[in-house]
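Work through the exercises below with the model open beside you. Try each task before reading its solution.

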Amino acid sequence: MAKILVIDDNEAVLTALLTLFQLEGHQVWTATEPGSALALLAQQPLDLVLQDMNFAKGEMTGQQGKTLFYLLRAQYPQIPVVLMTAWTALDMVVELVKAGACDYIAKPWDDQRLLMTVQNALKLKKLQDQQRDTERKQQERLQAFIGKDLCGLVFASTAMERLLQMTLQLAPSQAAVLITGENGSGKEGIAQILHANSPRSGKALIKVNMGALPADLMEAELFGAEAGAYTGLTKARIGRFEAADGGTLFLDEIGNLSLSGQMKLLRVLQTGEFERLGSSVTRRVDVRLLSATNADLTKAIALGQFRQDLYYRINVVQLHVPALKERQDDILPLARFFLAGEKALSRDAETTLLQYPWPGNVRELQNVCQRALLLSHGVQINPADLGLEADNSSKNRALDDIARQDIERALHVHQGVVSRAAKALGITRQALYRRMEFYGIDAP
């Protein structure tokens with residue numbers, strides 16, 4: 001049931017429209033001239049205005065209606081306005097529609113067309129109101145991050161919001177943190193946020209990719225080496241622990257560390273002491289350790305490939321970064337960020353991005369966007385520019401993870417309240433709207 005205001009100087013027209021809309025279950029207010037209509041709007045929140053274009057006997061120019069329309073747009077920009085008259089120049093109607101009028105109905109009107117026009121305008125208003133509500137809540141959530149350094153992280157999903165809240169809660173502590181997640185999901189970004197919001201932010205954040213180091217050089221890389229400790233080393237070099245003294249050391253893919261290196265790492269974490277390779281001099285450092293892995297370390301422990309005591313040392317707290325396919329709401333904001341405003345995504349390109357399973361996560365999305373910028377020729381990016389092959393299987397189709405009948409059942413059970421239906425399905429309201437669009441389910 002909507003609240004509709006009809007403005008017309010003809011009492012017979014008002015009576016006919018009042019009856020028509022009340023039979024459809026709407027609440028209806030009427031006004032015979034602009035002044036009383038504006039006074040009523042100031043007192044009563046309404047969902048739609050249906051206005052005539054002429055309010056004085058013999059007036060046929062439409063100037064009165066035009067003036068009223070612009071007053072309504074200025075004072076109540078969120079209320080849809082439908083124009084209706086028998087005496088108005090077509091060019092004025094076109095001007096007002098371009099200025100934001102929902103539609104134009106000629107007198108005498110067709111009841112079914114008028115009802116359909118009103119229904120479409122109300123449906124659009126409802127979607128816009130929900131979008132504004134989503135944006136407002138997003139802004140409210142972002143208030144919690146004001147004054148925090150998010151290191152340029154782009155997100156819109158509830159999953160990433162929760163992860164960031166926990167990350168910022170852990171940042172001031174000295175606890176060792178193990179960051180888990182698939183390759184390319186953003187583990188390094190979480191490590192940067194932990195460091196940037198910690199008391200150590202003024203010191204160095206040293207990053208080591210353990211997967212990129214030869215096994216025989218890992219210990220020298222971490223703990224340093226004296227001249228002559230291995231072939232080709234002509235002068236002493238400090239390791240990453242010394243370089244990170246007073247700051248933070250981030251060990252990516254820590255599961256690749258050798259067992260002997262794990263033993264030395266365990267000792268540093270327990271005592272803060274170590275020796276360079278080829279030296280008997282004990283050195284001491286103050287370092288906060290952050291680690292990351294895409295491997296199952298508990299399985300590695302069972303296979304004797306990773307020390308259990310070290311696992312407990314590096315895993316005081318664990319943060320898991322969800323895969324991109326698990327946080328659908330982040331895909332389009334990330335894509336727009338990577339495109340940097342150089343080109344826009346077409347609607348079909350957005351759909352393609354949302355339907356792709358992203359096995360390479362955020363890193364793959366970044367590469368796809370950069371490639372599209374280089375290879376696309378038009379003013380916007382289309383599906384062909386993305387170079388992604390659509391996967392139509394039910395297993396991988398991103399928006400097909402919840403069946404149509406489940407969505408329809410949830411909407412029916414919760415009487416069309418989208419927020420409740422989304423909660424029952426375990427997804428965000430925005431994600432439910434995307435699936436409704438995907439299946440062609442009209443908003444209630």
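**Exercise 1. Find the residue that stands opposite N209 in β8.**

Solution. N209 stands opposite D252 in β8. The two strands are β7 (residues 205-209) and β8, paired in the parallel sense over five bridges. Strands pair here if DSSP finds at least two bridges between them. Helices (H or I, at least four residues) and strands (E, at least two) are DSSP runs, numbered from the N terminus. The model is predicted: local features need pLDDT of at least 70, side-chain atom pairs count only at pLDDT 80 or more, and totals for chains, interfaces and linings use all residues. Residues are numbered from 1 along each chain as its sequence is written, and side-chain values use heavy atoms, with hydrogens and water left out.

**Exercise 2. Follow β8 to strand β11 and name the bridge partners of D252 and F250 there.**

Solution. Start with the pairing. β8 and β11 (residues 288-293) are parallel, with five bridges. In β11, D252 has A292 as its bridge partner. F250 is bridged to L290 in β11.

**Exercise 3. Is strand β8 mostly covered or mostly open, and which residues point each way?**

Solution. β8 spans residues 248-252 and is mostly covered, with five of its five residues buried. Buried means under 20% relative accessible area, exposed over 50%, partly exposed in between (1.4 Å probe, protein chains only). Now split the strand by direction. T248, F250 and D252 point one way. L249 and L251 point the other way. Both sets are buried.

**Exercise 4. Give the strand order of the sheet that holds β8, and its edges.**

Solution. The order is β7-β8-β11-β6-β12, an open sheet of five strands with parallel pairing. β7 and β12 (317-320) are at the edges; each has a single partner strand, so one side of each lacks a neighbour in the sheet. Neighbouring strands are turned by 20 degrees against each other on average, direction ignored.

**Exercise 5. How do helices α6 and α7 cross, and which residues meet?**

Solution. Take the axes. Those of α6 (residues 158-170) and α7 (residues 187-196) come within 8 Å and cross at roughly 40 degrees. α6 is therefore oblique to α7. Axes are lines fitted to C-alpha atoms, for helices over the stretch in contact, and angles run from 0 to 180 degrees between N-to-C directions. Angles under 35 degrees count as roughly parallel, over 145 as roughly antiparallel, 65 to 115 as roughly perpendicular and the rest as oblique. The crossing of α6 and α7 is right-handed; that is, the near helix is turned clockwise from the far one by less than a right angle.

Next, the contacts (heavy atoms within 4.5 Å). From α6 come L163, L164, T167, L168 and L170; from α7 come I190, I193 and L194. By class, that contact has seven nonpolar, one polar and no charged residues. Ala, Val, Leu, Ile, Met, Phe, Trp, Tyr, Cys and Pro count as nonpolar, Asp, Glu, Lys and Arg as charged, and the others, Gly among them, as polar.

**Exercise 6. Place α6 and α7 on the strands they lie across.**

Solution. α6 lies across β6 (177-180), β11 and β12, at about 150 degrees to β12. α7 lies across β6, β7, β8, β11 and β12, at about 150 degrees to β6.

**Exercise 7. Where is S198, and what does S198 touch?**

Solution. S198 is in the loop between α7 and β7. Its relative accessibility is 7%, so S198 counts as buried. Neighbours within four places in sequence aside, S198 contacts A171, P172 and R288.

**Exercise 8. Repeat the analysis for the sheet that contains β1 and for helices α2 and α3.**

Solution. Five strands form an open, parallel sheet in the order β2-β1-β3-β4-β5. Its edge strands, β2 (27-31) and β5 (103-106), each pair on one side only. The twist averages 20 degrees from one strand to the next. β4 (residues 81-85) and β5 pair in the parallel sense over four bridges, and T85 stands opposite A106 in β5. α3 packs on this sheet, touching β1 (3-7), β3 (48-52) and β4, and makes about 165 degrees with the direction of β3.

Now the helices. The axes of α2 (residues 34-43) and α3 (residues 63-75) come within 11 Å and cross at roughly 15 degrees. α2 and α3 are therefore roughly parallel. Their crossing is right-handed. P34, L38 and L41 in α2 meet L68, L71, L72 and Q75 in α3. That contact has six nonpolar, one polar and no charged residues.
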